[in-house]
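Please open the model in a viewer and keep the sequence panel visible beside it. The tour below proceeds by selections, each followed by a description of what is found there.

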Amino acid sequence: MKRKHIILLSVTAILLAGMVWLVWGNVTVALNKYTVYENNLPAGFDGYRIAHVSDLHNSWLWEKAIVRLKEAQPDIICITGDLVDSRRTDVETSLAFAAEAVKIAPCYYVTGNHEGRLSGDVYTRLIDGLVACGVIVLMDTEVLLDRSGETISLTGHSWGDTDNIGALANHDGYKI
């Protein structure tokens, strides 16, 4: 009898810990810093800060993300998809985030699988709204970033179309 209680308590503790971890993971916005060392990075981009934001899913946590972005003081912000949630789409929340993010640094956006599931009019409203906020939408395109007289390429592809990603960058130098 005692052994059954110990097993039951152990299983309950593990399940409770798992639930706490899942809830915490869905209500927390973390700032993780990574330093990347590249031998072929142009010297003008030494110390260049790129903030990477993904999978906000039109969450109310976007305001916390803005606080973290301000702390990071990035040179650019790359938003890599799933700004909206295709099951409960709230374009206005996503655009509110974008409008604040562009005040911090230039923003570059590529679509994710959730944007790929949107109906045509909702998708158009999102993309047009991002552009109106000042976000640069990279749809199978390349932009050149200049700093201290040097240039690197930033390339973005449309969700699901990775066949031609290598051909998108025309720049001979450093590519992201």
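Helices (H or I, at least four residues) and strands (E, at least two) are taken here as DSSP runs, numbered from the N terminus. By that definition the chain has six helices and six strands, and along the sequence they follow the pattern α-β-α-β-α-β-α-α-β-β-β-α. This is a predicted model, in which local features need pLDDT of at least 70 and side-chain atom pairs count only at pLDDT 80 or more, while totals for chains, interfaces and linings use all residues. Residues are numbered from 1 along each chain as its sequence is written, and side-chain values use heavy atoms, with hydrogens and water left out.

**The whole chain**

Begin with the complete chain displayed. A residue is called buried under 20% relative accessible area, exposed over 50%, and partly exposed in between (1.4 Å probe, protein chains only). Of the 176 residues of the chain, 36% count as buried. A contact means heavy atoms within 4.5 Å. Among contacts in the chain with a separation of 6 or more, 73% come from residues 24 or more positions apart.

**Helix H2**

Select residues 62-72, which form helix H2. Its buried residues are Trp62, Ala65, Ile66, Leu69 and Ala72. Seen down the axis of H2, these buried residues fall within an arc of 120°, so they line one face of the helix; the arc is that of the directions from the helix axis to the C-beta atoms. Add strand S1 (50-53), strand S2 (76-80) and H3 to the view, since the buried residues of H2 pack against them. Just after H2, glutamine 73 has a positive phi of about 50°.

**The salt bridges**

Next, display the charged side chains. A salt bridge is a side-chain nitrogen of Lys or Arg within 4 Å of a carboxyl oxygen of Asp or Glu. The whole structure contains five salt bridges. Select aspartate 85 and arginine 87, which form one of them, with their closest N and O atoms 3.8 Å apart. Is aspartate 85 buried or exposed? Aspartate 85 counts as buried, at 5% relative accessibility, whereas arginine 87 is exposed, with a relative accessible area of 65%. Add arginine 88, whose side chain also meets that of aspartate 85 in a salt bridge (3.9 Å, N to O).

Move on to glutamate 100 and lysine 103, whose side chains form a salt bridge at 2.9 Å, N to O. Returning to the earlier selection, Asp85, Arg87 and Arg88 are joined into one network by salt bridges that share partners. As for the other pair, glutamate 100 is partly exposed, with a relative accessible area of 25%, and lysine 103 is exposed, at 61%.

**Helix H5**

Select residues 120-133, the 14 residues of helix H5. At 1.5 Å a residue, H5 should span 20 Å, and its end C-alpha atoms are 20 Å apart, which agrees; the expected span is 1.5 Å times one less than the number of residues in the helix. Which residues of H5 are buried? They are Val122, Leu126, Ile127, Gly129 and Leu130. Viewed down the axis of H5, the buried residues fall within an arc of 160°, so they line one face of the helix. On the other side of H5, Asp121 and Ala132 are exposed. The buried residues of H5 pack against helix H3 (91-101), strand S3 (107-110), helix H4 (113-116) and strand S4 (136-137). After H5 comes glycine 134, with a positive phi near 105°.

**The S5–S6 hairpin**

Select strand S5 (residues 141-147) together with S6. The two strands pair in the antiparallel sense over seven bridges; pairing requires that DSSP finds at least two bridges between two strands. Leucine 145 has isoleucine 152 in S6 as its bridge partner. S5 and S6 form a hairpin with two residues between them, and serine 148 in the turn has a positive phi of about 50°. Strand S6 (residues 150-156) is largely enclosed by the rest of the structure, because five of its seven residues are buried.

**The cysteines**

Finally, select the cysteines. With a disulfide defined as a pair of cysteine sulfur atoms within 2.5 Å, the structure holds zero disulfides. For cysteine 78, the nearest cysteine sulfur is that of cysteine 107, 8.7 Å away. Cysteine 78 is buried, with a relative accessible area of 11%. For cysteine 133, the nearest cysteine sulfur is also that of cysteine 107, 9.3 Å away. Cysteine 133 counts as partly exposed, at 24% relative accessibility.
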